[in-house]
Amino acid sequence: MAVATVAFIEKKAWSAGALIAFSCDRIFMKPATSMGSASPVVIGRGGKAQALGEKYVSAIRSHFASVAKKNGYPETLAVAMVDKEKIVDEVIIAKERLFIFHEDLQMYQQRAEKEHKRFEFRRTVVKKGELLNVDAEKAEDLYISSGTVSSVKDILDEFGISSPE
């Protein structure tokens with residue numbers, strides 16, 4: 001019997017919290033919560049956060065992508081929480097909504113044309129120089145969250161489970 005894992009974000013899931021959430025089968029968020037900002041940092045002298053170099057960003061970027069892919073979340077969006085150099089665009093190809101890296105936009109467009117599929121550029125979701133951070137509403141819109149709920153009881157109801165007494 002398969003058991004679903006669920007992340008319930010009550011306040012925020014930043015950094016490692018975002019990775020933990022992506023590690024679950026489903027993510028639910030309370031209203032006024034957020035998820036993202038997972039760029040690797042180290043606390044330096046004076047307690048100031050300092051960004052780590054490409055070696056660390058690359059490793060964490062890869063880990064976020066593989067965990068997101070394994071659990072059915074958009075890999076590009078998980079990567080955009082780690083790497084502020086990644087631009088993510090939303091496109092529609094033959095009625096399928098995709099989130100792709102901007103650097104791959106032309107390739108996707110050419111492939112769609114070659115296969116005689118309709119291609120539509122919708123918007124840039126993440127701009128260069130920004131880390132992706134999402135609130136509950138945006139997380140649902142981007143296929144990250146399964147829903148915005150007020151309590152664990154709402155999640156149990158979603159799965160058809162009675163609340164324990």
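Let's start with a pair of neighbours: strand 2 and strand 4 (residues 34–36) run parallel to each other, joined over 3 bridges. If you want one spot to look at, find W14, whose bridge partner in strand 4 is G36. Keep in mind that what you're looking at is a predicted model.

That pair belongs to something wider. Strands 2, 4 and 10 make up an open sheet of 3 strands, in the order 2-4-10, with mixed pairing. Strand 2 (12–14) and strand 10 (133–135) sit at the edges, so to speak, each pairing on one side only. Going from one strand to the next, the twist averages 15°.

Now step back for the whole chain. The protein chain has 165 residues, and 36% of them count as buried. Its secondary structure adds up to 6 helices and 11 strands, and its C-alpha atoms fill a box of roughly 60 × 50 × 30 Å along the principal axes.

There's another sheet to visit. Here 3 strands line up in the order 8-7-9, again as an open sheet, and the pairing is antiparallel. Strand 8 and strand 9 are the edge strands, each with pairing on one side only. The twist in this sheet averages 25° from one strand to the next. Zoom in on strand 7 (residues 88–93) and strand 9: they run antiparallel and are joined by 6 bridges. One of the contacts to look for is I93, which has F119 as its bridge partner in strand 9.

What about the inside? In soluble globular proteins, nonpolar side chains tend to be buried together. In this model, the largest nonpolar core has 35 residues, and the ones with the most contacts inside it are F22, I27, M35, M81 and I144. Several elements each supply at least two residues of this core, including strand 1 (6–9), helix 1 (16–22), helix 3 (75–80) and helix 5 (136–141). The largest share, 5 residues, comes from helix 2. Apart from this core lies another one, of 6 residues, and among them are I93, L105, A112 and F119. Two of these names should ring a bell: I93 and F119 are the bridge partners we just met.

Finally, the outside. Which residues make a nonpolar surface patch of about 220 Å²? They are V6, F159 and I161. F159 is found in the segment after helix 6 (152–158). With a relative accessible area of 32%, F159 is partly exposed, and it can count towards a patch because patch residues need over 30%.

Key: Residues numbered from 1 in each chain as written. Predicted model: local features only at pLDDT ≥ 70, side-chain atom pairs only at ≥ 80, totals over all residues. Heavy atoms only, no water. Patch = residues over 30% accessible without salt bridge, like charges linked within 9 Å, V, L, I, M, F, W, Y side chains within 5 Å. Areas by Shrake-Rupley, 256 points an atom, 1.4 Å probe, with all protein chains shown as cover. Salt bridge = Lys/Arg side-chain N within 4 Å of Asp/Glu carboxyl O. Helix = DSSP H or I, 4+ residues; strand = E, 2+ residues; numbered from the N terminus. Buried < 20%, exposed > 50% of the residue type's maximum accessible area, 1.4 Å probe, protein only. Core = buried A, V, L, I, M, F, W, Y, C linked by side-chain atoms within 4.5 Å. Pairing = 2+ DSSP bridges. Axes fitted to C-alpha atoms, helices over the stretch in contact; angles between N-to-C directions.
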